[in-house]
Amino acid sequence: DCGRELCKRNCVNVGAGYQPARVPKGQNCTGFGLAADGRVTDPPLQKGCMIMTPEKLVELAKEAMTHAYVPYSGYKVGAALLCADGTVYQGCNIENAAYGPTNCAERTAFFKAVYDGHRDFVSIAVCGGKDGVITGGFPPCGVCRQVMREFCEDDFIIYMINPEGYEAKTLAELLPYSFKASEHMA
Ligand code: THU
């Protein structure tokens with residue numbers, strides 16, 4: 001069961017042998033088998049396929065947090081970035097003795113994905129906490145929001161993980177009045 005409510009928020013089908021699709025906003029997912037052109041596919045899902053949900057993306061972000069390299073702050077951050085084709089890229093923060101070169105978890109995930117040829121993104125889940133203990137919601141920093149702006153549309157969703165679950169906001173909500181290539185560099 002993919003959970004119809006969740007599917008209204010860009011649930012995608014992932015897995016080998018099936019071309020995953022973004023479920024159009026406002027439409028209920030059939031649970032599986034919706035192709036990119038809107039066709040219902042048959043068979044709906046191949047063996048080993050799964051429905052990606054915010055909850056699963058949250059779990060992948062928490063797992064990513066355990067990879068953090070944080071000898072200076074001790075503050076671990078994890079991110080899980082969902083591509084439109086269903087691929088998920090995980091990222092952690094990677095600190096540096098000179099501080100400035102530190103890379104945030106979100107950008108680690110984005111740069112891994114872009115290097116691999118991905119340009120179309122659905123959502124990202126992010127969490128962080130001292131020594132990896134989540135005590136509150138995690139809002140991505142301004143630099144990471146601008147990197148999201150480079151590749152994502154206004155409806156890109158950021159799941160900010162907190163001890164109870166997560167809070168979902170769109171990129172438009174987190175970065176209003178933003179500097180955008182298509183508007184300002186054309
Ligand atoms: N950090 C992230 O990984 N993502 C953010 O959006 C904000 C901050 C990291 C950088 C540094 O390693 C630690 O959190 C404390 O600032």
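Which pocket is the space taken by the ligand? In this predicted model, the ligand takes up the space of the largest pocket.

Begin by selecting the ligand and showing the residues around it. Those residues are Ser73, Tyr75, Val77, Asn93, Glu95, Thr102, Cys104, Ala105, Glu106, Phe138, Pro140 and Cys141. Sorted by class, this shell holds 7 nonpolar, 3 polar and 2 charged residues.

Next, colour strand S3 (75-83) and helix H3 (105-115). Each of these two elements supplies at least two residues of the shell around the ligand.

Now label the oxygen atoms of the ligand and go through their polar partners. Select Glu106: a polar atom of its side chain is 2.7 Å from a ligand oxygen atom. Move to Cys141, where a backbone N or O atom lies 2.8 Å from an oxygen atom of the ligand. Then pick Ala105, which has a polar backbone atom 3.0 Å from an oxygen atom of the ligand. On its own, the ligand has 380 Å² of accessible area, and the protein covers 78% of that.

Finally, hide the ligand and look at the pocket itself. The largest pocket contains about 200 Å³ of space. Its lining is made up of 14 residues. To find the centre of the pocket, select Ser73, Asn93, Glu95, Thr102 and Cys104, the lining residues that lie nearest to it. By class, the lining divides into 7 nonpolar, 5 polar and 2 charged residues.

How values were computed: Residues numbered from 1 in each chain as written. Predicted model: local features only at pLDDT ≥ 70, side-chain atom pairs only at ≥ 80, totals over all residues. Heavy atoms only, no water. Near = heavy atom within 4 Å. Polar contact = N/O pair within 3.5 Å; in protein donor to acceptor, adjacent residues only side chain to side chain. Areas by Shrake-Rupley, 256 points an atom, 1.4 Å probe, with all protein chains shown as cover. 1 Å grid on protein atoms, 1.4 Å probe; cavity = no way out; pocket = protein on both sides within 12 Å on 5 of 7 lines; lining within 4 Å. Sits in = over half its atoms within 2 Å of the grid points. Helix = DSSP H or I, 4+ residues; strand = E, 2+ residues; numbered from the N terminus. Nonpolar A, V, L, I, M, F, W, Y, C, P; charged D, E, K, R; others polar. Points joined across faces, edges and corners; volume = space filled by probe spheres on them.
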